[in-house]
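Work through the exercises below with the sequence and the 3D structure at hand. Each task is followed by a solution in steps.

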Amino acid sequence: MEQQPKYFEEVLSNMVHDVASGGAIRHLVDMGYSVNQIMEHLDYPTPRSMVEETVFCYMTESGMLIEALPIPEEQFQKVNLRAESRKNLSRAIRERTKKNGEENAYLLCSCGKWCRILKDMGKYGVSGLDLQTEPDIFQNLTSRERDYLLGIPWKGEVMYHRITDRMLEITIELALSGEPIRFYFLQDKEVLCIAGENFDVF
């Protein structure tokens, strides 16, 4: 019986959080805000851990972030493209996203592993990353772009993120810096494989 008051206290706390901050957090996630930016815009003081949890729950429940594609990998037709021009790369992805619909356009994101390592090392906080010790894949990103990736409490080393404007901006930078990237378009069953200048195409 001693557990009951604590249980009701947690339920009440969650209800207060959802009423005071939940709607605002979900709206700001839709706008592509990072956890740091969301916390700056909240009127009600909310612990970072609770903001991250709300962000992750909303992203997974809305399908913005998924652990597996609904279509087996072998059913996708592979198209190779070199990351030679930001303009051409952006156009190729935006055209396919528009054709398939944003709800059917995802990118393979393997940042979870690096984000968790950096957090465990204590290299990430409100002020951002220590640029001297971060992985190469983060070097060419702005602090705002790094904040977005690091604010997501990734549950796996590899997840699929819907191709939103924010993630497109981030992954184009990663592709241009030589990181191989894959974009999946569910309606056309097409995977666009991007390789940098110094990488062999898949």
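**Exercise 1: Thr97**

Thr97 has a relative accessible area of 12% and is therefore buried (buried means under 20% relative accessible area, exposed over 50%, partly exposed in between, with a 1.4 Å probe and protein chains only). The model is predicted: local features need pLDDT of at least 70, side-chain atom pairs count only at pLDDT 80 or more, and totals for chains, interfaces and linings use all residues. Residues are numbered from 1 along each chain as its sequence is written, and side-chain values use heavy atoms, with hydrogens and water left out.

Task: State where Thr97 is placed and which residues Thr97 is in contact with, leaving aside neighbours within four places in sequence.

Step 1. Find the element: Thr97 is in helix H4, residues 86-100 (helices, H or I, have at least four residues and strands, E, at least two; both are DSSP runs numbered from the N terminus).

Step 2. Follow the side chain: it reaches the backbone oxygen of Ile93 at 2.8 Å.

Step 3. List the contacts (heavy atoms within 4.5 Å): with neighbours within four places in sequence left aside, they are Glu102, Ala105, Ile163 and Phe185.

**Exercise 2: Salt bridges of helix H4**

Task: Find the partners of Arg96 and Lys99 in salt bridges (a side-chain nitrogen of Lys or Arg within 4 Å of a carboxyl oxygen of Asp or Glu).

Step 1. Arg96 pairs with Glu190, at 2.5 Å from N to O. Arg96 lies in helix H4 and Glu190 in strand E8 (residues 190-195), 94 residues apart.

Step 2. Compare exposure: Arg96 is partly exposed at 21% relative accessibility, while Glu190 is buried at 15%.

Step 3. Lys99 pairs with Asp188, and their closest N and O atoms are 3.3 Å apart. Asp188 is in the loop between E7 and E8 and Lys99 in helix H4, so this pair ties together parts 89 residues apart in sequence.

Step 4. Lys99 is exposed, with a relative accessible area of 57%; Asp188 is partly exposed, with 31%.

**Exercise 3: A further salt bridge**

Task: Say which residue forms a salt bridge with Glu73, and why the pair ties together separate parts of the sequence.

Step 1. The partner is Arg182, with the closest N and O atoms 3.3 Å apart.

Step 2. Glu73 sits in the loop between strand E1 (65-66) and strand E2 (77-82), and Arg182 in strand E7 (residues 181-185), so the parts tied together are 109 residues apart in sequence.

Step 3. Place the pair in the whole: the structure has seven salt bridges.

Notes: Polar contact = N/O pair within 3.5 Å; in protein donor to acceptor, adjacent residues only side chain to side chain.
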